Amino acid sequence: MKPNNIYNHMLRCIGSAVLCLGTLVFAACNDFLGQEPPSQLTPEGYYSTEAQLQAVANQLYQDVLPQHGNWNYGWYLTDNNTDNQMSLSPDNKFGTGLWKTSNTNNNWSWGNIRNINYQLNAVLTKYNAGQVTGTDATVRQYIGEIYFMRAYAYFDLLKRFGDLPIVTQALPDNEAILVAANKRRPRNEVSRFITSTLDTALTYLKEDFDAKHTRISTDAAHLFKSRVALYEASWLTNFKGTPFVPLGTGWAGATKDYNSTYQYPTGSIDAEAEYFFKMSVTAAEKVAEKYKAQLVTNTGSIPQSLSDPENPYFKMWGTTDMSATPEILLWRQYSHALGVNNDVEVAVQAGNIGTGFTRSLIESYLMQDGLPIYASSYTYEDGSLAKVATHRDPRLAIFLKVPGQINCFKNMSSTEDHFVEIEPKPNITSKTPETAYYTGYAIRKGGTFDKALTANGGSENALAVFRVTEALLNYIEAQYMLTKDINSGKILEYWRLIREKAGFTGTAQDPTLTIAATNMSKEILDWGAYTAGVLLSDKVLYNIRRERRCELIAEGLRWMDLQRWRACDQMKALPYHTEGIHLWNTEMESWYTNLISDGSSAANVSSKALSEYYRPHEVTMANNNFKDGLTWHNAHYLEPLPLKQFLLTADDHATIARSPLYQNPYWPTVTDQPAEQ
């Protein structure tokens with residue numbers, strides 16, 4: 001096998017040059033654009049000025065960090081395929097035999113890592129030799145951003161694959177070196193590498209460098225460090241003893257010489273988890289203490305005209321400019337003038353283009369008095385969307401769309417035409433993304449009420465990448481996992497503050513009252529109520545998870561949380577039926593005159609015999625892989641490595657067992673085969 005073929009498939013290379021982002025969020029890279037073509041650039045001819053380093057960092061914002069996609073609901077779609085949100089077609093990981101091994105897996109892609117390593121090493125060589133011109137603090141800021149991007153890109157791979165090779169150099173096109181680099185390090189060592197990289201980034205980043213929060217800050221780095229550490233600590237705790245952790249029964253890493261004598265740096269898996277929980281607490285507290293007095297408060301109301309007062313909590317997402325909100329630590333700007341748009345406003349005007357809240361999420365939200373729907377002094381009713389939103393958690397009240405509400409009242413003289421001025425009854429019979437309401441529950445998060453932003457593909461809605469409240473939630477969970485004491489540290493202080501800012505008043509701000517009223521047997525629709533297939537008995541821990549769920553809706557963190565909690569095992573024995581609105585035998589049934597529910601190819605809603613609640617995945621029954629609900633295989637917590645990778649890295653290029661790699665738990669090393677369990 002030729003070395004360059006290994007490179008193409010193993011450490012996917014996007015070239016040694018930087019492509020300038022231009023002006024997505026930042027200043028144009030005019031100096032860079034005047035340079036020779038990227039393919040001819042070398043460290044000797046580049047990486048010598050502050051502007052050139054900015055160009056490098058700018059492109060990584062585009063390549064590595066979250067962004068809104070075009071022609072859909074953008075980043076708010078990312079929680080699809082969880083118990084929070086669902087599309088019309090579930091992911092194959094929730095079916096039996098649908099997800100199979102393959103010769104390829106495009107997610108096993110090392111292009112970003114190689115690109116970052118190449119440029120980081122070139123920059124450091126120049127910088128350490130005193131050959132970079134510009135303001136030193138600014139130059140160091142850009143170096144810190146590049147370190148941060150490597151940590152972020154590595155975390156993306158960690159969540160998908162667990163154990164990973166740790167690569168800090170842009171490797172040469174040499175077969176022996178490339179093969180040797182394919183040694184997977186235990187996942188906790190990868191997490192240590194990521195958090196160490198963030199520590200290095202922090203030595204370069206300048207505190208409060210960018211007042212607009214459009215560039216990586218020390219605060220964003222601390223928050224991200226707390227996220228990574230909490231993820232790893234939780235994983236080690238909840239997968240203890242399994243092949244998903246180093247030294248667990250059946251861990252494939254032990255079959256390779258380079259891992260055969262591995263021992264945890266702290267001496268045991270429990271001590272290693274404690275190490276990461278403590279790290280998460282410390283990093284999260286730094287952010288929480290700095291910003292806790294600046295968090296915005298939810299008024300619980302939705303503006304319905306230009307004369308209505310704005311709700312600062314709602315506007316935190318529903319804006320084109322997040323720079324005035326200290327709670328947002330990093331955000332991405334979109335601009336017609338710069339030709340960088342999204343379709344978020346179009347999606348939020350209608351049925352969200354491809355997603356909808358689930359019954360599970362709706363019922364997880366508390367009532368206005370801070371008590372669960374089954375224990376409140378208020379009566380919970382779900383026969384209409386207006387009733388669902390009445391006397392509820394103020395966060396749900398503003399983010400759940402209700403028929404009759406005004407969606408659009410700004411710039412009404414604009415000629416843009418993809419707007420819906422008055423929210424209609426949800427169109428659950430349509431299966432077309434642009435018009436369908438997939439669950440009947442539609443999301444308002446990220447909307448601006450601005451008609452001028454409703455051109456098809458012409459929205460400018462901003463994207464929040466990091467925000468402070470996650471730090472408080474990370475602290476609460478990590479501190480509780482360390483102590484199992486709700487009174488320890490600042491758990492209750494931070495928890496009550498989150499409730500206050502969410503819009504709760506009086507005793508509803510007290511989470512201990514929620515905990516006392518919780519009946520775990522009534523929380524079974526919430527995947528976060530489980531770990532390893534067992535319903536939690538710890539009501540404090542469950543309510544910590546519930547608070548996180550309700551605060552972070554549609555922010556792209558739900559699947560990460562479900563992974564680390566090991567919160568899907570229960571579906572192996574009891575398939576999960578995705579449900580939306582309470583359609584049958586309610587007021588909502590009368591909204592529709594063309595319902596066909598016989599399970600045939602002509603059906604447009606699910607049968608009343610299955611459930612009174614609309615089941616979007618059980619409308620037609622023929623050739624439907626999910627007609628009996630969503631199921632689970634433990635292998636699906638991680639992705640399978642591409643089988644071609646084993647052959648490329650085997651010393652004979654023919655025998656998988658002779659590769660330095662090993663497959664993830666319960667995935668076979670035969671192509672086109674489903675998970676073993």
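**A friendly note on strands and cores**

1. A good place to begin is a single pairing: Trp331 sits opposite Ala464, a residue of strand S4. Please keep in mind that this is a predicted model.

2. That facing pair belongs to a wider match. Strand S2 and strand S4 (residues 463-467) run antiparallel to each other and are joined over 4 bridges.

3. Are these strands enclosed or open? For S2, which spans residues 328-332, 5 of the 5 residues are buried, so the strand is largely enclosed by the rest of the structure. For S4, 5 of the 5 residues are likewise buried, so S4 too is largely enclosed by the rest of the structure. Buried here means under 20% relative accessible area.

4. Next, the nonpolar interior. The largest nonpolar core has 132 residues, and Ile143, Phe148 and Phe466 touch the most other members. The top contributor to this core is helix H5 (residues 136-161), which supplies 15 residues. Apart from that core lies another, of 52 residues, with Trp331, Val344, Val348 and Tyr441 among them.

5. Which residues does Phe148 touch? Leaving aside residues up to four places away in sequence, its contacts are Leu65, Leu198, Ala201, Ile216, Ala220, Ala221, Phe224 and Phe466. As a general background, nonpolar side chains tend to be buried together in soluble globular proteins.

6. Finally, the record. An unreviewed UniProt entry carries the annotation "domain: RagB/SusD" for residues 349-645. In the model, the end C-alpha atoms of residues 349-645 are 45 Å apart, and the span is 25% helix and 4% strand.

Technical notes. Residues are numbered from 1 along each chain as its sequence is written. This is a predicted model: local features need pLDDT of at least 70, side-chain atom pairs count only at pLDDT 80 or more; totals for chains, interfaces and linings use all residues. Side-chain values use heavy atoms; hydrogens and water are left out. UniProt positions are given in the numbering used here, feature names are shortened, and annotations may be inferred rather than shown by experiment. Helices (H or I, at least four residues) and strands (E, at least two) are DSSP runs, numbered from the N terminus. Buried means under 20% relative accessible area, exposed over 50%, partly exposed in between (1.4 Å probe, protein chains only). Two strands pair if DSSP finds at least two bridges between them. A nonpolar core is a set of buried Ala, Val, Leu, Ile, Met, Phe, Trp, Tyr and Cys residues joined through side-chain atoms within 4.5 Å. Contact means heavy atoms within 4.5 Å.
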